[in-house]
Amino acid sequence: MADLEGAAPSSARRPVEAIEIKRRLGTLRFQTDSPEHAHITVKPEVCAQCPHSLCTFVCPAQCYERIEGKLVFRYEDCVECGACDIACDQGSVTWNFPRGTFGVRYAYG
Ligand code: SF4
Ligand code: SF4
């Protein structure tokens, strides 16, 4: 297929570099609220019995991790996508938007 007019020839294009997620998150700005006002909370006793840990697969910011069998959740890097609230069918996640002025601030848009 021919290149688009004005576009660089394919041989001159560089491959897109895979950027590690924590580096990408570093391009965003966060105003982190205090832990007692965390906008997302989970119930550890429910997570301990969870058969799938879907939250660890769907969260784009890697806020959920299983470490030595225990679910560890960090709200600080949350980009407010809502995926964990949808994925968790065990009733563990309580999800709210952050309080005004807190949370993620996108550089563009
Ligand atoms: S999917 Fe829900 S219950 Fe399962 S580990 Fe994640 S937050 Fe906990
Ligand atoms: S809302 Fe999105 S970014 Fe935030 S913890 Fe849930 S899945 Fe992760």
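**Exercise 1. Locate Gln 62 and determine whether it is buried or exposed.**

*Solution.* Step 1: In this predicted model, Gln 62 is placed in the loop that runs between α3 and β3 (64–67). Step 2: Count its surroundings; Gln 62 has 12 C-beta neighbours inside 10 Å. Step 3: Apply the cut-off, under which a residue with 12 or fewer such neighbours is exposed. Gln 62 therefore counts as exposed. Step 4: Inspect the backbone; phi of Gln 62 is positive, about 55°, although Gln 62 is not a glycine.

**Exercise 2. State in which loop Ser 53 is found, and classify its exposure.**

*Solution.* Step 1: Ser 53 belongs to the loop between α2 (44–47) and α3 (55–58). Step 2: Within 10 Å there are 15 other C-beta atoms. Step 3: A residue is buried with 20 or more and exposed with 12 or fewer, and partly exposed in between. Ser 53 is therefore partly exposed. Step 4: Ser 53 is a residue other than glycine, yet its phi is positive, near 55°.

**Exercise 3. Describe how β3 and β4 are paired.**

*Solution.* Step 1: Strand β4 comprises residues 70–73, and it pairs with β3 in the antiparallel sense. Step 2: The pairing extends over four bridges. Step 3: As one position in this pairing, Arg 66 stands opposite Leu 71 in β4. Step 4: The two strands form a hairpin with two residues between them. Glu 68, in the turn, has a positive phi of about 50°. Step 5: When viewing the strands, recall a general rule: in a regular strand, side chains alternate between the two faces of the sheet.

**Exercise 4. Give the number of helices and strands in the protein chain, and their order.**

*Solution.* Step 1: The protein chain contains four helices and six strands. Step 2: Read from the N terminus, the order is α-β-β-α-α-β-β-α-β-β. Step 3: Consider the contacts in the chain with a separation of 6 or more; 67% of them are accounted for by residues 24 or more positions apart. Step 4: Of the 109 residues, 12% count as buried.

**Exercise 5. Identify the residues of the largest nonpolar core, and find the contacts of Cys 59.**

*Solution.* Step 1: The largest nonpolar core has 12 residues in all. Step 2: Among them are the cysteines Cys 47, Cys 55, Cys 59, Cys 78, Cys 84 and Cys 88. The core also includes Ile 40, Val 42, Ala 61, Tyr 64, Phe 73 and Val 93. Step 3: Set aside the neighbours of Cys 59 within four places in sequence; Cys 59 is then in contact with Tyr 64, Ala 83 and Cys 84.

**Exercise 6. Determine which residues come nearest to each ligand, and classify each shell.**

*Solution.* Step 1: Around ligand 1 there are 14 residues, of which Cys 47, Cys 50, Cys 55, Cys 88 and Gln 90 come nearest. Step 2: By class, this shell has 11 nonpolar and three polar residues, with no charged residue. Step 3: Around ligand 2 there are 13 residues, and Cys 59, Cys 78, Cys 81, Ala 83 and Cys 84 come nearest. Step 4: The shell around ligand 2 divides into 11 nonpolar residues, one polar and one charged.

**Exercise 7. Trace how Val 58 and Ile 86 are placed relative to each other.**

*Solution.* Step 1: Val 58 is in helix α3, and Ile 86 lies in helix α4 (residues 83–87). Step 2: These two residues are 28 residues apart along the chain, and their C-alpha atoms are separated by 9.5 Å. Step 3: Leaving aside neighbours within four places in sequence, Val 58 is in contact with Ala 83, Cys 84 and Ala 87. Step 4: Val 58 has 15 C-beta neighbours inside 10 Å and so counts as partly exposed. Ile 86 has 13 other C-beta atoms within 10 Å and is therefore partly exposed. Step 5: Ile 86 is 31 residues from Cys 55 along the chain, with 9.0 Å between their C-alpha atoms.

Note on methods
Residues are numbered from 1 along each chain as its sequence is written. Chains are lettered from A and ligands numbered from 1 in the order in which they are written. This is a predicted model: local features need pLDDT of at least 70, side-chain atom pairs count only at pLDDT 80 or more; totals for chains, interfaces and linings use all residues. A residue is near a molecule or strand if its C-beta atom, placed from the backbone, lies within 6 Å of it. Ala, Val, Leu, Ile, Met, Phe, Trp, Tyr, Cys and Pro count as nonpolar, Asp, Glu, Lys and Arg as charged, and the others, Gly among them, as polar. A nonpolar core is a set of buried Ala, Val, Leu, Ile, Met, Phe, Trp, Tyr and Cys residues joined through C-beta atoms within 7 Å. Two residues are in contact if their C-beta atoms, placed from the backbone, lie within 7 Å. Two strands pair if DSSP finds at least two bridges between them.
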